[in-house]
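Colleague: Could you take a close look at the side-chain contacts in this one for me? I'd like to hear who pairs with whom, and how buried or exposed the partners are.

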Amino acid sequence: MTVPVVSSCEVIAGDLDRQGWSVCPGFLGPAEAARLRERVLEWWEEGQFRRARVGRGPSLRLASEVRTDHVRWLDFTVGGRFAELHDTWFEPLRLAINRRLYLGLFDLEAHATVYPPGSSYARHLDRFRDAAHRTVSVVLYLNEDWSVDQGGQLRLHLPSPDGGATMRDILPEAGTLAAFLSGQIWHEVLPATRDRLSLTGWFCTRA
């Protein structure tokens with residue numbers, strides 16, 4: 001574990017404590033992001049992704065009016081580059097958040113996500129109505145040389161002091177990590193003009 005990783009995790013935990021969300025450019029270095037991007041693209045070309053669904057249990061369904069991305073779930077126990085990602089970057093972040101916010105986070109569930117051109121995800125919360133275990137959402141972007149005119153921003157709908165709401169758009173640039181409280185921060189994903197890659201996960205408490 002390097003000092004920059006520890007420092008970034010403490011900053012993110014502090015942001016979550018103060019305002020419920022955080023954006024950390026450079027959370028992952030260019031070389032590490034490129035290695036993960038390469039693997040996600042291999043899975044994509046091999047057809048290992050499936051259309052994302054909404055709901056859970058009996059209500060699980062395709063809903064193209066809500067989301068049109070594709071996902072492949074990750075298993076951090078099998079070794080390789082994603083296990084390294086978990087142990088070196090995400091585990092220190094979990095510990096830092098627990099130290100600062102006392103949330104009792106004990107696990108990370110995550111999937112690789114591909115938004116083909118034109119795909120989007122409508123405004124939503126990440127916490128299921130009948131299951132509150134998802135507590136902190138994390139999104140790590142893998143897109144090289146991304147520009148504003150290519151779209152694909154993560155849009156956070158944030159409460160403002162006057163009781164209204166403000167919007168914060170996050171560009172999905174490689175290495176940037178966005179984190180926010182799953183049950184409090186409404187958000188959406190805007191359409192992009194090129195494939196948009198990310199790792200999307202949730203730090204969970206015991207159900």
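**Side-chain contacts, up close**

Modeller: Let's start inside one helix: R18 and D15 both belong to helix α1 (residues 3–19), 3 residues apart, which is about one turn of the helix. Bear in mind that this is a predicted model. The two side chains meet in a salt bridge, 2.7 Å from N to O. Their surroundings are another matter: R18 is exposed, at a relative accessible area of 59%, whereas D15 comes out as buried at 12%.

That bridge is one of 10 salt bridges in the structure. Another one joins E144 and R37, at 3.5 Å, N to O. Here the link runs between distant parts of the chain, 107 residues apart: E144 sits in the loop between β6 (134–141) and β7 (154–159), and R37 in helix α2 (residues 30–45). E144 is partly exposed, with 43% relative accessible area, while R37 is buried at 14%.

Then there's R155 with D169, whose closest N and O atoms are 2.8 Å apart in a salt bridge. R155 is in strand β7 and D169 in strand β8 (residues 165–170), so this pair ties together parts 14 residues apart in sequence. Both ends have some access: R155 is partly exposed at 21%, and D169 is partly exposed at 33%.

Now the rings. The count here is 5 aromatic pairs. One of them is W73 with W202, a tilted pair at 6.2 Å centre to centre and 40 degrees between the planes. W73 comes from strand β3 (residues 70–73) and W202 from strand β11 (residues 196–204), so the contact ties together parts 129 residues apart in sequence. W73 is partly exposed, at 40% relative accessibility, but W202 is buried at 5%.

Strand β11 also supplies F203, which pairs with F90 of helix α3 (residues 81–101), so parts 113 residues apart in sequence are tied together. This pair is edge-to-face, with 6.4 Å between centres and 75 degrees between planes. F90 and F203 are both buried, and ring pairs join them with F27 into a cluster.

Back to W202 for a moment, as it has a charged neighbour too: R134 lies over the face of W202, 3.7 Å from the ring centre. A similar arrangement involves R196, whose charged end sits over the ring of Y115, at 5.0 Å from its centre.

Definitions and conventions: Residues are numbered from 1 along each chain as its sequence is written. This is a predicted model: local features need pLDDT of at least 70, side-chain atom pairs count only at pLDDT 80 or more; totals for chains, interfaces and linings use all residues. Side-chain values use heavy atoms; hydrogens and water are left out. Rings of Phe, Tyr and Trp (its six-membered ring) pair if their centres lie within 6.5 Å; planes under 30 degrees apart count as stacked, over 60 as edge-to-face and the rest as tilted. Helices (H or I, at least four residues) and strands (E, at least two) are DSSP runs, numbered from the N terminus. Buried means under 20% relative accessible area, exposed over 50%, partly exposed in between (1.4 Å probe, protein chains only). A charge sits over a ring if NZ of Lys or CZ of Arg is within 6 Å of the ring centre and within 35 degrees of the ring normal. A salt bridge is a side-chain nitrogen of Lys or Arg within 4 Å of a carboxyl oxygen of Asp or Glu.
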